Amino acid sequence: MSSHEHQQFIIGVDLGGTNIVAGAMTVDGTRHLNIRSIPTNASLGDEGVADRMVTLVEEVIRDTMQQTGVERSDFVGVGVGAPGPLDREKGIVLVAPNLGWQNFPLRDRMHDRLSLPTTLDNDANCATFGEWWQGAARGGRNVVGLTIGTGIGGGLILNGVLYHGASDMAGEIGHTTIDLNGRHCKCGNYGCLEAYASASAIATRAREVLVREEGESSIPAMVHGRFEDITAQTVYDAAKAGDSVANEIVRDTARYLGAGVANLLNIFNPDTVVIAGGVTAAGDALFVPLRAEVRRRAFGPAVRAVKIVPGTLPGSAGVVGAVASFKQQYLGGM
Ligand code: ZN
């Protein structure tokens with residue numbers, strides 16, 4: 001028998017509003033197997049989506065067993081990352097607006113169906129933890145992560161440990177206020193960072209500028225005049241092609257994010273800030289002005305101690321981090 005046949009695996013699952021991603025990893029993290037993605041189909045409701053998650057995990061387990069010759073007993077457990085707020089101790093997703101869930105006992109549902117130990121954690125915490133374990137924040141001790149998609153998720157690693165706070169609410173960076181009387185946010189507050197710099201906010205700001213017809217832009221032609229079809233990606237693509245309106249929007253986004261990151265530097269003094277999600281497709285057009293804004297706003301020693309970098313695990317940070325969270329919660333360490 002080869003040594004592989006004695007390896008033990010943990011399954012990571014990343015539940016998003018659009019896709020469910022799952023994969024198998026060895027406990028030491030050195031091998032990733034069968035990372036795959038299926039549509040969430042949120043309209044199926046909580047039980048229906050949980051069914052899809054269970055089916056996907058069973059497929060990953062079956063294929064991993066076939067490829068490596070390990071037995072089912074070589075699977076130690078399942079780490080699940082899900083949109084929050086959630087109650088880790090009870091294993092319950094309290095509210096997930098993008099999924100339409102309320103008080104759903106996701107951890108126990110997975111555990112009952114799979115007969116494997118299961119842990120639950122916030123998806124953005126997992127993405128940050130994944131980047132810390134195996135991605136752009138590797139080697140960091142104090143790490144702040146931002147995941148920019150439909151919303152802005154955040155995660156904090158303090159002294160090498162994922163920080164959850166008093167009631168699992170830590171790291172909600174997207175809902176920190178950057179403008180007292182600013183834009184209305186989905187959370188009910190006004191002026192949240194997410195209301196300015198999330199992918200959906202970028203698209204909204206682009207529509208507002210274009211409706212006012214300020215400046216020449218290629219964006220209306222790119223969406224055949226249908227402004228409702230403008231996405232953040234449209235803006236990045238136009239910016240890359242030299243569109244000045246799009247570049248202005250990317251620069252504003254960088255300034256909003258820079259203000260948010262400067263706040264985090266002054267609070268946490270991290271060695272690494274990792275920014276993941278589609279917005280990183282804007283590349284230097286985003287990161288150069290973002291770092292400049294941070295320099296303007298945060299204390300010098302905090303700025304000099306930090307690297308602000310794009311994530312390096314697109315598509316898999318959540319899965320890797322869900323495995324890491326399982327290790328920390330269930331096995332008691334990394
Ligand atoms: Zn908010």
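**A friendly note on the strands and the zinc site**

1. A good place to start is the pairing of strand β9 (residues 143–148) with β12, which is parallel and runs over 6 bridges. Within this pairing, L146 is the residue opposite I275 of β12. Please keep in mind as you read that this is a predicted model.

2. On to the next neighbour of β12: strand β13 (residues 307–310) is joined to β12 by 4 bridges, and these two strands also run parallel. I275 turns up again here, with P310 as its bridge partner in β13.

3. How many of the 6 residues of strand β12 are buried? The count is 5, so β12 (residues 272–277) is largely enclosed by the rest of the structure.

4. Now have a look at the zinc ion. Its ligands are H175 through ND1 and three cysteines through SG, namely C185, C187 and C192, at 2.0 to 2.4 Å. The site is tetrahedral, with angles of 105 to 120° among the 4 donor atoms.

5. Along the chain, the zinc donors follow the spacing H-x9-C-x1-C-x4-C. H175 and C185 both lie in the loop between β11 (161–162) and α4 (194–197), so this pair ties together parts that are 10 residues apart in sequence.

6. Are these two zinc ligands buried or exposed? H175 is partly exposed, at a relative accessible area of 27%. C185, on the other hand, is buried, and its relative accessible area is 4%. The cut-off for buried is under 20%, so the value for C185 falls within it and the value for H175 does not.

How values were computed: Residues numbered from 1 in each chain as written. Predicted model: local features only at pLDDT ≥ 70, side-chain atom pairs only at ≥ 80, totals over all residues. Heavy atoms only, no water. Donors = N, O, S within 2.8 Å, 3.2 Å for Na, K, Ca; no water. Tetrahedral: all angles 85-135°; square planar, octahedral: opposite > 155°, others 65-115°. Buried < 20%, exposed > 50% of the residue type's maximum accessible area, 1.4 Å probe, protein only. Pairing = 2+ DSSP bridges.
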